[in-house]
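Grab a pencil and work through these short exercises on the model below. Each one comes with a worked solution.

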Amino acid sequence: MNSEKLEPQIRETKDGSSTLFSSQFDQHYHNPNGAVAESRHVFFETTGLSRELASENALTIFETGFGTGLNLLLCLDYLHKSSRKTPVTFKSIEAYPIAPETAEKLTFGDEPFLNQQVPLLANIFDQLTPGINHFEISPLLQLELFYGYFDEYPGFSTVSEADNTGCHFILHDPFSPEVNPELWTPDVFKKLFSVSSPQAVIATYCAATSARAAMAVAGWNVARAKGALGKREMTVASKSADKLSLFKRVNEKRLKERFEKGDFS
Ligand SMILES: C[S@@+](CC[C@H](N)C(=O)[O-])C[C@H]1O[C@@H](n2cnc3c(N)ncnc32)[C@H](O)[C@@H]1O
């Protein structure tokens, strides 16, 4: 893996939680108006994942870009507040893991439970080796963290079309399409489609038309949702149109035509 990347710098966001600034990608990991508030809104509340974490339904979550590990900790937090007894699997991919010394310095504002988990995060980064890593985060939360590039993830090649046991929620959280374009292509969204269950929901903070078009080309039904912290919109998509009944759908046919015409190249 790339050992020459510059370690990202810690910055405080407006809700008191830390984010990182990557000079490699010239971008923050989260919305500077609130890392925790943004992640809760985009990935947990808008999608219904917070409700599923309080149910006993089978639940596998897939994240693109482990970053600081905040979404894993938020899962742990929702589980902690629920009476759920059925284990959850959290799968994530990260090509450029942060140093344990950086993880140790993260803080999550006015969230004592999250703050207590900082040593757990530092330990994950300390133990991480290239390839798939398994961690038992709690009796209810298993982490499968792939240290490597998205394109190299072995899980994409082992799922058949008929596999209905796939992931239920996809948290698509790379940097923006401008600086991280390789993670916003139809091929990426096809791979995510291939590891998803029939009712899967994918969410991203991104509202770019090009990203929505790439999702539509990959076969996802796509909709707009209210963005976090003053951002007008975010995007949700699903294999199942019924799952998007509360949202305003985009015109997938038109987006596919525009993609094929080269409007986004
Ligand atoms: C916006 S940050 C993720 C934030 C994270 N979910 C969190 O809550 O802290 C994007 C992450 O994607 C990772 N990344 C970028 N390109 C990648 C690639 N091709 N394969 C795997 N990870 C990648 C970056 O290193 C970074 O950690």
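**Exercise 1: a strand pair**

Take strands β5 (residues 88-94) and β7 (residues 141-147): in which sense do they pair, and over how many bridges?

*Solution.* In this predicted model, β5 and β7 run in the parallel sense, joined over seven bridges. To pick out one bridge, start from Lys91: its partner in β7 is Glu144.

**Exercise 2: the whole sheet**

Write down the strand order of the open sheet, then work out which strands stand at the edges.

*Solution.* The nine strands go β6-β7-β5-β4-β8-β9-β11-β10-β12, and the pairing is mixed. Now look at the ends: β6 (131-138) and β12 (248-249) each have a single partner strand, so one side of each lacks a neighbour in the sheet.

**Exercise 3: two packed helices**

How are α1 (residues 35-45) and α3 (residues 70-81) oriented to each other, and which residues make the contact?

*Solution.* Start with the geometry: the helices pack at an angle of about 75 degrees, with axes 11 Å apart. Angles of 65 to 115 degrees count as roughly perpendicular, and α1 and α3 therefore fall in that class. Next, the contact: α1 brings Ala35, Val36, Ser39, Arg40, Phe43 and Phe44, while α3 brings Leu70, Asn71, Leu74 and Tyr78. Sort these contact residues and you get seven nonpolar, two polar and one charged.

**Exercise 4: the faces of a helix**

Find the buried residues of α6 (residues 118-127) and say what they pack against.

*Solution.* Leu121, Ala122, Ile124 and Phe125 are buried. Viewed down the α6 axis, they fall within an arc of 155 degrees, so they line one face. On the other side, Pro119 and Gln127 are exposed. The buried residues pack against α3, α4 (100-104), β6 and β7.

How values were computed. Residues numbered from 1 in each chain as written. Predicted model: local features only at pLDDT ≥ 70, side-chain atom pairs only at ≥ 80, totals over all residues. Axes fitted to C-alpha atoms, helices over the stretch in contact; angles between N-to-C directions. Helix = DSSP H or I, 4+ residues; strand = E, 2+ residues; numbered from the N terminus. Parallel < 35°, antiparallel > 145°, perpendicular 65-115°, else oblique. Contact = placed C-beta atoms within 7 Å. Nonpolar A, V, L, I, M, F, W, Y, C, P; charged D, E, K, R; others polar. Pairing = 2+ DSSP bridges. Buried ≥ 20, exposed ≤ 12 C-beta atoms within 10 Å, placed from the backbone. Arc of directions from axis to C-beta.
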